[in-house]
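Welcome to a short set of exercises with worked solutions. Have your viewer open and work through each one before reading on.

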Amino acid sequence: MQQSNTSAAQRILVVEDEPDIAALIAYQLTREGFRVETVESGTDALGSIYRSIPNLIILDRMLPGLSGDEVITRLRGDSETSSIPVLMLTAKREQEDRIEGFELGADDYLTKPFSPRELVLRVKAVLRRVQDAGAASGGRVLRAGPLRMDLASHRVLLEGRELILTPTEFRLLQSLMERLGRTQSRTQLLERVWSYESAISDRIQTRTVDMHVRRLRSKLGRVGEWIETVRGFGYRLMIPEGIE
Ligand code: CA
């Protein structure tokens, strides 16, 4: 029999207090060759993560005790855990929550109820984004003014100070730096950064881009102003004249 476990080494932590959903997710991902650990609370999640960093976390928002939002806020605030990809789960009616979650640093969102196929596709897309950013880079370093991005080590330095970015923010900044001065539409960014295909008229996905740009700008401080909004079209990174 042929083995097709291309993702055998990848470990996924599932944080979900509803046993049926946790079991369904674990079943689907195990079938795809992932190693899956499930925990029921945010506290257990943090314990597991600090014992061994997973390749990806599936994090329910509504958890007893420490909420999903609190868990992701802690992860993003610690350089040891800030770059772990996080896929958040939310209930259907929480559209605004979805946007808030992105502000907290989730890489993607899945609304309950979701299909097993959708789950697997999203997980693979998030992991692919992270791997592409690292592996295909060949040790390249991108520069734009005082910004340096080392694609192999996945580090961004601003005037020599390391910035803590999520995997998605990293990819977004990479896309802007690789096309310095050129405008990219939100749809192009969704394809390049999120690996979404023809996401043209989905308003939520378009807002996803805006939310991530806003977060990235605030992390870049003064330099964040160089990410220009091109009204009705998209974004570009422009280095002001006189800056080397
Ligand atoms: Ca829950």
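**Exercise 1. Describe the calcium site.**

Solution. Start with the pattern: along the chain, the donors of the calcium ion follow the spacing D-E-x41-D-x1-M. Next, assign the atoms: Asp17 (OD), Glu18 (OE), Asp60 (OD) and Met62 (O) coordinate the calcium ion at 2.1 to 3.2 Å. Donors here are N, O and S atoms within 2.8 Å of the metal (3.2 Å for Na, K and Ca), and water is not among the atoms, so sites may look incomplete.

A note on the source: this is a predicted model, where local features need pLDDT of at least 70 and side-chain atom pairs pLDDT 80 or more, while totals for chains, interfaces and linings use all residues. Residues are numbered from 1 along each chain as its sequence is written, and side-chain values use heavy atoms, leaving out hydrogens and water.

**Exercise 2. Classify the accessibility of Asp17, Glu18 and Leu87.**

Solution. First, the cut-offs: buried means under 20% relative accessible area, exposed over 50%, and partly exposed in between (1.4 Å probe, protein chains only). Asp17, at 28%, is therefore partly exposed. Glu18 has 35%, so Glu18 is partly exposed too. Leu87 has 0%, so Leu87 is buried.

**Exercise 3. Find the surroundings of Leu87.**

Solution. Locate Leu87 in strand E4 (residues 86-91); strands are DSSP runs of at least two residues, numbered from the N terminus. Then list contacts (heavy atoms within 4.5 Å): leaving aside residues up to four places away in sequence, Leu87 touches Ile57, Ile58, Leu59, Asp108, Tyr109, Leu110, Leu119, Arg122 and Val123.
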